[in-house]
Amino acid sequence: MGKSRWEYVYGINPAFEVLRGGRRRIYNAYLNEAARDNPRLKKLAKFIESKQIETEWVSKQRLFELSESKDHQGAVLKTDPYPYVAAATLYDRDRLLLLDNTEDPHNTGAIIRCADVFGYHAILAPEKGVPEVYPSVVKVSAGATEHLDIAREGSANDHMRKAKETGHIVVALDAARSIELDELAKTLPARHLLVIGGEAKAVSQFILNSAEHVARIPQFGKINSLNASVAAGIAMYALSRAGKPA
């Protein structure tokens, strides 16, 4: 069975960002008829109207049927699927983010949201081991997906090799290593590839063995691990200063 020709992006913030991003064709907008007086929904409806997109005011049940989620917040857009970019167009960027084994859609969406905040606007993902940018991922990212360039092809190992070939220094996270992110950020060049792993599966051993740097986040509590998206956010913040004067 082939992929659908369209999908239903849901949530107020994701809807706004799909409209602002302008990367997808939007076929219809569906809004909660019982929440016409909601200020955020009214603002969204006005924005949709300015884009001359057909709008239907429907029931909450209809919104649930379209989105297959209770988190629709009264807004669903029927759009083209997520517009991935070719990985080859990203290797000339200085700052790259590679997702490796981030299998959970919620974590993946949260990592993408952090990537937008901390300036990792080019994201590489393999075809396996990382979820596609489905509406659930868009929702968790608060619509950040619509402003980033995301490639989903090949393998994580292939992405790492090509990044090395284009002069990127590879940094991977591993809690067992001794070098700390803050120290690494002082000497790391702007041109680097940060590799983030998942919780069930961390960064692959091949990448850990091939990386120029494997760093850890110092921890002082009794719980010995961080949520993958929290770790990613800390790492991106710490390394966002790489290549800049102290």
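Contact here means heavy atoms within 4.5 Å. With that in hand, here are some friendly notes on this predicted model.

1. **What covers helix 3.** Helix 3 spans residues 60-67, and its buried residues are L63, L66 and S67. These residues take up an arc of only 85° around the axis, which places them on the same side of helix 3. The cover over the buried residues of helix 3 includes strand 1 (7-10), strand 2, strand 3 and strand 4. Just past the end of helix 3, E68 has a positive phi of about 60°.

2. **The length of helix 2.** Helix 2 covers residues 39-50, twelve residues in total, so at 1.5 Å a residue a span of 16 Å is expected. Its end C-alpha atoms lie 17 Å apart, which agrees.

3. **The two sides of helix 2.** L41, L44, A45 and I48 are the buried residues to look at in helix 2. Because their arc around the axis is only 100°, they sit on the same side of helix 2. The general pattern behind this is that an α-helix has 3.6 residues a turn, so residues three or four places apart point the same way. On the other side of helix 2 you will find P39, K43, K46 and S50, which are exposed.

4. **Surroundings and ends of helix 2.** The buried residues of helix 2 pack against helix 1 (12-21) and against three strands: strand 2 (26-32), strand 3 (55-58) and strand 4 (75-79). At the start of helix 2, N38 brings a side-chain oxygen to within 2.9 Å of the backbone nitrogen of R40. Just after helix 2, Q52 adopts a positive phi of about 60°.

5. **H72, in a loop.** H72 belongs to the loop between helix 3 and strand 4. Its relative accessibility is 6%, and the cut-off for buried is under 20%, so H72 counts as buried. The H72 side chain reaches the backbone nitrogen of G74 at 2.9 Å. Leaving aside residues up to four places away in sequence, H72 touches Y10, G11, I12, K60, L63, F64 and S67. Two of these, L63 and S67, also appear among the buried residues of helix 3.

6. **L77, in strand 4.** L77 is part of strand 4. At 1% relative accessibility, L77 is counted as buried. Setting aside residues up to four places away in sequence, the contacts of L77 include E7, Y8 and V9, then A15, V18 and L19, and also I26, N28, A29 and I48. The last of these, I48, is one of the buried residues of helix 2. L77 and L31 are 46 residues apart in sequence, while their C-alpha atoms are 8.7 Å apart in space.

7. **Strand 5, enclosed.** Six of the six residues of strand 5 (residues 95-100) are buried, so strand 5 is largely enclosed by the rest of the structure. R95, L97 and L99 point one way from the strand, L96, L98 and D100 point the other way, and all are buried.

8. **The partners of strand 5.** Strand 5 runs parallel to strand 9 (residues 192-197), and six bridges join the two. L97 has L194 of strand 9 as its bridge partner. Strand 5 is also parallel to strand 6 (residues 122-125), joined by two bridges. There, L98 stands opposite L124 of strand 6. From strand 5 the chain passes through helix 4 (residues 105-118) to strand 6, and this β-α-β crossover is right-handed.

Terms used:
Residues numbered from 1 in each chain as written. Predicted model: local features only at pLDDT ≥ 70, side-chain atom pairs only at ≥ 80, totals over all residues. Heavy atoms only, no water. Helix = DSSP H or I, 4+ residues; strand = E, 2+ residues; numbered from the N terminus. Expected span 1.5 Å × (residues − 1). Buried < 20%, exposed > 50% of the residue type's maximum accessible area, 1.4 Å probe, protein only. Arc of directions from axis to C-beta. Polar contact = N/O pair within 3.5 Å; in protein donor to acceptor, adjacent residues only side chain to side chain. Pairing = 2+ DSSP bridges. Right-handed = clockwise from strand over helix to strand, strands pointing away.
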